[in-house]
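Subject: Structure handover

Hello,

Here is the structure we talked about. Please have a look, then read my notes below.

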Amino acid sequence: MFDRGLIGTSVLAATLLMTITGAWAFDETKYPDLKGQWRRGPNANPVAAQGRGNVFDPTKGWGPAQQPPLIPEYQARFDANLADQAAGGQGVGETYTCVSPGMPRVTNAYGQTEFVVTPNTTYVLVENIRDSRRIFTDGRDWPAQMQPSLLGYSIGKWIDTDGDGKYDTLEVETRGFKGPRAYDASGIPLHDDNESIVKERIYLDKKDANTLMFEVTVFDHALTQPWSVLKSYRRLANPPPFIEDVCGEGNNHIQIGKENYMISGDGHLMPTKTGQEPPDLKYFPRSGK
């Protein structure tokens, strides 16, 4: 004799398992294969960039050669920033204090990068300071209030551009920023109002599945027009292990107020620019007093 109660319980359990499994199922074949480790792509020109790879437009040189379409006020700020760097300062960038470079600079692919695609969120994991991003793809609207951040708040949508039933392009819009932020290491500034909007189209190159294309367009009040660039990432065939990048470890930069100093090899505070005044030492006892 079969125990009908046991049979009923087993059928119910199997039904629940099938329901749960169906609810959790994620068909990754509907999405592009982004597995692996990615770095700055083959369209980056280190010669034009004077050996400095962290540039916003990878096809152009560093600094003024980027030709950013800045309004006069922010072009003057950019020039002053370049002069400060030439004198030994840091310019508008604050990454030496171990804060994230923010958007759109994190799209420059300067660190080991990994993409993790899930049904509701696509993660861009970057091994450098705190640069990893969440791109929400669950159909949500913009929140009524956003906590401003250097990376901003990203909402994306996977689309099928060729009608073959598979997603091939991720369209992303990012808002909700705080500053200061810059486009790249040369210190091209964004507007103080932080009302930037960054739009991206991310897709695999149809001729090379190991090349990921990034179309990045920035709308910002410091620009005379939207600034669009095309970047590419390359998937490494034999990638090194992912490393732990701890910015504060071995960092010899010291920011006191708005001034940047350094710790010398023998452990003493030292200036970074000629004629730089020392910090106020009123809370430290002085010999002879």
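A definition before the strands: two strands pair if DSSP finds at least two bridges between them. Keep in mind that this is a predicted model.

**Strands 2, 3 and 4**

Strand 2 covers residues 113-117 and strand 3 covers residues 121-126. The two pair in the antiparallel sense, over five bridges. They form a hairpin, with three residues between them. One of the contacts links Phe115 to its bridge partner in strand 3, Val124.

Strand 3 also pairs with strand 4, residues 133-136. This pairing is antiparallel too, over four bridges. Here Tyr123 stands opposite Arg134 in strand 4. Strands 3 and 4 form a hairpin as well, with six residues between the strands. In that hairpin, Ile129 takes a positive phi near 50°.

**Strands 10, 11 and 12**

Three strands form an open sheet in the order 10-11-12, with antiparallel pairing. Strand 10 (253-256) and strand 12 (269-270) stand at the edges. Each has a single partner strand, so one side of each is left without a neighbour in the sheet. Strand 11 spans residues 259-263 and pairs with strand 12 over two bridges.

Ile263 belongs to strand 11. Its bridge partner in strand 12 is Leu269. Is Ile263 buried or exposed? Neither: Ile263 is partly exposed, with a relative accessible area of 32%. Ile263 and Leu269 also meet at the surface, where they make a nonpolar patch together with Ile256. The patch measures about 220 Å².

**Helix 2**

Helix 2 runs over residues 72-86, which is 15 residues. At 1.5 Å a residue it should span 21 Å. Its end C-alpha atoms are 21 Å apart, which agrees.

Which residues of helix 2 are buried? They are Tyr74, Phe78, Asn81 and Leu82. These four cover an arc of only 100° around the axis, which puts them on the same side of helix 2. The face turned away from that buried side carries the exposed residues Pro72 and Ala86. Just after the helix, Gly88 takes a positive phi of about 110°.

For a quick tour, start with the two hairpins of strands 2, 3 and 4. Go on to the open sheet of strands 10, 11 and 12. Finish at helix 2 and its buried side.

Best wishes

Methods
Residues numbered from 1 in each chain as written. Predicted model: local features only at pLDDT ≥ 70, side-chain atom pairs only at ≥ 80, totals over all residues. Heavy atoms only, no water. Expected span 1.5 Å × (residues − 1). Buried < 20%, exposed > 50% of the residue type's maximum accessible area, 1.4 Å probe, protein only. Arc of directions from axis to C-beta. Patch = residues over 30% accessible without salt bridge, like charges linked within 9 Å, V, L, I, M, F, W, Y side chains within 5 Å. Areas by Shrake-Rupley, 256 points an atom, 1.4 Å probe, with all protein chains shown as cover. Salt bridge = Lys/Arg side-chain N within 4 Å of Asp/Glu carboxyl O.
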